[in-house]
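This report walks through one protein model for a reader who has not seen it before. Please keep the sequence and the structure at hand while reading.

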Amino acid sequence: MKFKNPLIVVTDMNRSVEFYKQVLGLHKIMDFGANVTLTGGICLQTRESWIEFIGTDDISFGGSNSELYFEEDDFDKFAANINELEIEYVHPVKEHSWGQRVVRFYDPDHHIIEVGENIKIVCKRFLDSGMTPEQVADRMDVPMKFVNGCIKK
């Protein structure tokens, strides 16, 4: 058994493909019309074909029970770029207790997208601020092995 891809249902394929390209820099790698695979392995499926596949039109959008998660090395640049776009935010940029900065927003069909600061960059940011490796491990609630791995790179 091997997990392949997440698949999300969309109401307008062209609008969704453009959103993921403009906001997250993803591109089509396969296009079967009713199903498009983007870089990163995300599959978009048209609502109409999904209804045919599952045999019901009882499809809901906008649930707050899942998200697509991305990490970004240059989080400040990403956050500045999306501020220039018309994005509906779940919440603006915030910092979690372990120090990672994240932003959550909706795609055109109200699927939640989270973009977080690369967790290794968070570790390096704390180390560069003068924190000891032990302080970083404690602050981030990660093992010393993780912090030591960030130091070596």
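Which residues does Phe-126 touch, not counting residues up to four places away in sequence? The model is predicted, and in it Phe-126 touches Trp-98, Gly-99, Met-131, Val-136, Arg-139 and Met-140. This residue is found in helix 4. Phe-126 has a relative accessible area of 7%, and residues under 20% count as buried, so Phe-126 is buried. One of its partners, Gly-99, is 27 residues away in sequence, while the C-alpha to C-alpha separation of Phe-126 and Gly-99 is 8.6 Å.

## The chain as a whole

The protein chain has six helices and eight strands. Their order along the sequence is β-α-β-β-β-α-β-α-β-β-β-α-α-α. The C-alpha trace spans about 55 × 40 × 25 Å along its principal axes.

The protein chain has 153 residues, and 39% of them count as buried. About 9300 Å² of the protein chain is exposed, and 51% of that area is supplied by carbon and sulfur atoms. Among contacts between residues at least 6 apart in sequence, 50% join residues at least 24 apart. The protein chain carries 17 positive and 25 negative charges, and the mean positions of the two sets lie 8 Å apart.

## Helix 5 and what follows

Helix 5 covers residues 133-140, and its buried residues are Val-136, Ala-137 and Met-140. These residues are on the same side of helix 5 because they cover an arc of only 100° around the axis. On the face turned away from the buried side, helix 5 carries the exposed residues Glu-134 and Asp-138.

What do the buried residues of helix 5 pack against? Their packing partners are helix 4 (119-128) and helix 6 (144-152). Two of the buried residues, Val-136 and Met-140, are also among the residues that Phe-126 touches.

Asp-141 follows helix 5 and is found in the loop between helix 5 and helix 6. The phi of Asp-141 is near 55°, a positive value in a residue other than glycine. Is Asp-141 buried or exposed? With 70% relative accessibility, Asp-141 counts as exposed.

## Helix 3 and its cover

Helix 3 spans residues 75-83, and Phe-75, Phe-78, Ala-79 and Ile-82 are buried there. Their arc around the axis is only 95°, which puts them on the same side of helix 3. The face of helix 3 turned away from this buried side carries the exposed residues Lys-77 and Asn-83.

Which elements cover the buried residues of helix 3? The cover includes helix 1 (13-24), strand 5 (67-72), strand 6 (89-95), strand 7 and strand 8.

Strand 7 (101-106) and strand 8 (112-117) are joined by a loop in which His-110 is found. The phi of His-110 is near 70°, again positive in a residue other than glycine. His-110 is partly exposed, with a relative accessible area of 28%.

## Two further buried residues

Thr-37 has its place in strand 3, which covers residues 35-38. Its relative accessible area is 7%, so Thr-37 is buried. Which residues is Thr-37 in contact with, leaving aside its neighbours within four places in sequence? These are His-27, Lys-28, Ile-29, Met-30, Ile-42 and Cys-43.

Ser-49 is found in helix 2, residues 47-54. At 11% relative accessibility, Ser-49 also counts as buried. The side chain of Ser-49 makes a polar contact of 2.7 Å with the side chain of Thr-46.

## Accessibility of the single residues

The table collects the single residues discussed above.

| Residue | Relative accessible area | Class |
|---|---|---|
| Thr-37 | 7% | buried |
| Ser-49 | 11% | buried |
| His-110 | 28% | partly exposed |
| Phe-126 | 7% | buried |
| Asp-141 | 70% | exposed |

Notes: Residues are numbered from 1 along each chain as its sequence is written. This is a predicted model: local features need pLDDT of at least 70, side-chain atom pairs count only at pLDDT 80 or more; totals for chains, interfaces and linings use all residues. Side-chain values use heavy atoms; hydrogens and water are left out. Helices (H or I, at least four residues) and strands (E, at least two) are DSSP runs, numbered from the N terminus. Buried means under 20% relative accessible area, exposed over 50%, partly exposed in between (1.4 Å probe, protein chains only). Contact means heavy atoms within 4.5 Å. Accessible areas come from the Shrake-Rupley method with a 1.4 Å probe; for residues, only the protein chains shown count as cover. Lys and Arg count as positive and Asp and Glu as negative; His and the chain ends are not counted. The place of a charge is taken as NZ of Lys, CZ of Arg, CG of Asp or CD of Glu. The arc is that of the directions from the helix axis to the C-beta atoms. A polar contact is a pair of N or O atoms within 3.5 Å; within protein, one must be able to donate a hydrogen and the other to accept it, and residues adjacent in sequence count only if both atoms are side-chain atoms.
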